[in-house]
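Dear colleague,

I am passing on the structure we spoke about, so that you can have it open while you read. My notes on what turned up in it follow directly below.

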Amino acid sequence: MIELIHVDAGYGEKKVLKDITFRLPKGKITSIIGPNGCGKTTLLRVAARQLPVQSGAVIAAGRPVGSYRRKEFARFAALMPQVRDIPSISVEGLVSHGRFPYLGFSRKMRPTDREKVREAMELTEVFQWAQREVRELSGGERQRVYLAMVLAQDTEVVFLDEPTTYLDLRHQFELLELIEMLHQRGKTVVMVLHDLAHALRYSHHVVLMEQGRILAEQKPKTLLQSGKIDRVFGVTSHWVQEGDSYYFTKAKLQTKERSGEQ
Amino acid sequence: MSISQTSSIRKLAERQKKSKTLLLGGLISLLALFSLLSLRCGSQNYTLGEMFSALANGEAGSPQWRVFVYVRVPRTLACILSGCALAVAGTLIQAVLNNAMASPNVIGVNSGAGFFAMLAATLLPQMPKVIPAASFIGALCTALLIYALAVRRRLSRTTLVLAGVTVSSILTAGINTITLLFPDTIIGASGFMLGGFSGVTLEKMKDAVWYIGGGLLLAAAMATNLNVLRLGEETAASLGLNVGLTQFLSILAAALLAGAAVSFSGLLSFVGLLVPHAARRFAGTDQCWLLPTAAFMGAIFLLGCDVLSRVLFAPFEFPVGIIMSLLGGPFFLSLLLRHKRGKIYD
């Protein structure tokens, strides 16, 4: 599984991640939460081999990620980035790209590739749109199509960067159920989530970040009870638990702690 | 998922594939037709039959034979090669820069090629063989400069086009300076700026053919990679695509194509912008279809314009560049206006 050892990373001179050591729990859903700009997406990109580290090491299945060839790694882990150009392409065309890391030199899809694409479209229930333009679909439907592509990529690990952002409530839950399904199919899922209630409800493991460091990583309930979430976000929140869901009912801003930072 | 639904989706996909095959078939027939027209039309009113029989009977000295072999064939080939090359170069550049406003002409690749070709022709007048090479180097340098600006400085699409137009006008000023200082360079200067095929010979094209062949092969090899790239650089990289290499090789192919075309046909302006757009309308954004469609359409468009340039005011020849703009301009405008607002920037 993927492991980060004393990792510093960032863009150019800027250091976004500072001395991160973290081991990804295998076969679980892990959510990364934290305030804006704390390095959640950077952590995801480093673990997904999309951003080289400044120092430290990233190990995937016992090997440094640098020793993988590009397509070899793409058969091990998939990343669904948040901001995307939506090209003019059919749903089936897009999902088929998930098979790119498996294609040989001739770049031809074999019957097994087509089977994987069909299966991915059926599991995410986008098959009925196979020949539709991705652009014609709504935001939530598009997200499902992209998830189908990730599924067609058939990897052990799946990274998702804010998969539910900008979606309406129904589509948020649809997508989270699909992510749950990925987990049931044995995949290790890591996602950046903004919605705390979703993160606590749908993940087995929550990573709380603050200013480029990991402050805590625990089971959702333990983390919530520790009060660390409140401290990082600078609020005093009230929450209730109902079944396995958490609701944040009220939050008071803590002004003292934040003012020192500004 | 019901079986009937599955099969109807299959059928739809097959129908689309069939219509694309049909499109390519149609384009090939059109190309053949226009090639024959181009072989037939010109200031000497010989019929194809006359010329073919002169050829078949080996009347090497006859005027029919000479017109056919020294004028019509080179000219037809030049139109096909240059139209095909510039259209594919434009398609590649638009894909790599993810910018529908870009074309070899707009971002200065053509004028870079022209400037270097002109320089070579002036400095080494005894060595006409270096012209295609110089032209290619000029095209590559300009293309890489624009690409570096786009990637390293993260210029917006509009800024990039403005930068390209600026680079292009600097290089054009360079070309004008050379033609002013050395009016006797072997490249006919006035014809070179407008672009055209009136003085073209097989000798001039001989080396350029290799560059175009290489460029087309490289473009074909890049088609699937460019398809993945259109999902955005980050998604493409996470699918295991070597984004930088794909972009570099595509730019290299575009430079080979545009440079070679410019070396014998001058600064033809419109093909590289107009044809990729027209081709996208018919073939969509799948590069495996788009690239060949653009190649054929470019060849057909240039052949058609060149034939018109020869017959409109026969026996006088009208510059093909003017015809191209007069014909292509309104067509391109209508294409732009048919798009919904903003959609052209796809």
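In this predicted model, A:E3 has A:I59 in β4(A) as its bridge partner. That pair belongs to the wider match between strand β1 (residues 2–11) of chain A and strand β4 (residues 55–60) of chain A, which run antiparallel to one another over 5 bridges. Both strands sit in an open sheet of 4 strands, whose order is β2-β1-β4-β5 (chain A) and whose pairing is antiparallel. The edges of this sheet are held by β2 (14–23) and β5 (63–64) of chain A, each of which has a single partner strand, so one side of each is left without a neighbour in the sheet. As general background, strands of a sheet pair through backbone hydrogen bonds, in either the parallel or the antiparallel sense. Helix α1 (residues 40–47) of chain A lies across β1, β2 and β4 of chain A, and its direction makes an angle of about 120° with β1(A).

Further along chain A there is a hairpin, formed by β11(A) and β12(A) with 2 residues between them, and in its turn A:G243 has a positive phi of about 65°. Strand β11 (residues 235–242) of chain A is joined to β12(A) by 8 bridges, and the two run antiparallel; A:V240, for instance, has A:Y247 in β12(A) as its bridge partner. How many residues of strand β12 (residues 245–253) of chain A are buried? Of its 9 residues the count is 0, and the strand is accordingly described as hardly covered.

As for the domains, the assignment for chain A gives domain 1 (1–76 + 155–228) and domain 2 (85–154), and the C-alpha centres of these two domains of chain A lie 24 Å apart. Their contact takes 14 residues from domain 1 of chain A and 12 residues from domain 2 of chain A. On the side of domain 1 of chain A that touches domain 2 of chain A, the elements giving two or more residues are α2 (70–74) and α6 (169–184) of chain A, and α6(A) gives the most, with 5 residues. Sorted by class, that side of domain 1 of chain A has 8 nonpolar, 2 polar and 4 charged residues.

Chain B is built from 13 helices and 0 strands, and read along the sequence its pattern is α-α-α-α-α-α-α-α-α-α-α-α-α. The radius of gyration of chain B is 21 Å, close to the 20 Å that the globule rule gives for 346 residues, so chain B is as compact as a globular protein of that length. Along its principal axes, the C-alpha trace of chain B spans about 70 × 50 × 35 Å, and 47% of the 346 residues of chain B count as buried. Among contacts in chain B between residues at least 6 apart in sequence, 75% join residues that are at least 24 apart.

Lastly, the two chains touch: the contact takes 22 residues from chain B and 23 residues from chain A. On the side of chain B that touches chain A, α1 (3–40), α8 (202–229) and α9 (233–238) of chain B each supply at least two residues. By class, that side of chain B has 9 nonpolar, 10 polar and 3 charged residues.

With best wishes

Conventions: Residues are numbered from 1 along each chain as its sequence is written. Chains are lettered from A and ligands numbered from 1 in the order in which they are written. This is a predicted model: local features need pLDDT of at least 70, side-chain atom pairs count only at pLDDT 80 or more; totals for chains, interfaces and linings use all residues. Two residues are in contact if their C-beta atoms, placed from the backbone, lie within 7 Å. Ala, Val, Leu, Ile, Met, Phe, Trp, Tyr, Cys and Pro count as nonpolar, Asp, Glu, Lys and Arg as charged, and the others, Gly among them, as polar. The radius of gyration is taken over C-alpha atoms; the globule rule is 2.2 Å times the number of residues to the power 0.38. A residue is buried if 20 or more other C-beta atoms lie within 10 Å of its own, exposed if 12 or fewer, and partly exposed in between; C-beta atoms are placed from the backbone. Domain bounds come from an automatic or database domain assignment. Two strands pair if DSSP finds at least two bridges between them. Axes are lines fitted to C-alpha atoms, for helices over the stretch in contact, and angles run from 0 to 180 degrees between N-to-C directions.
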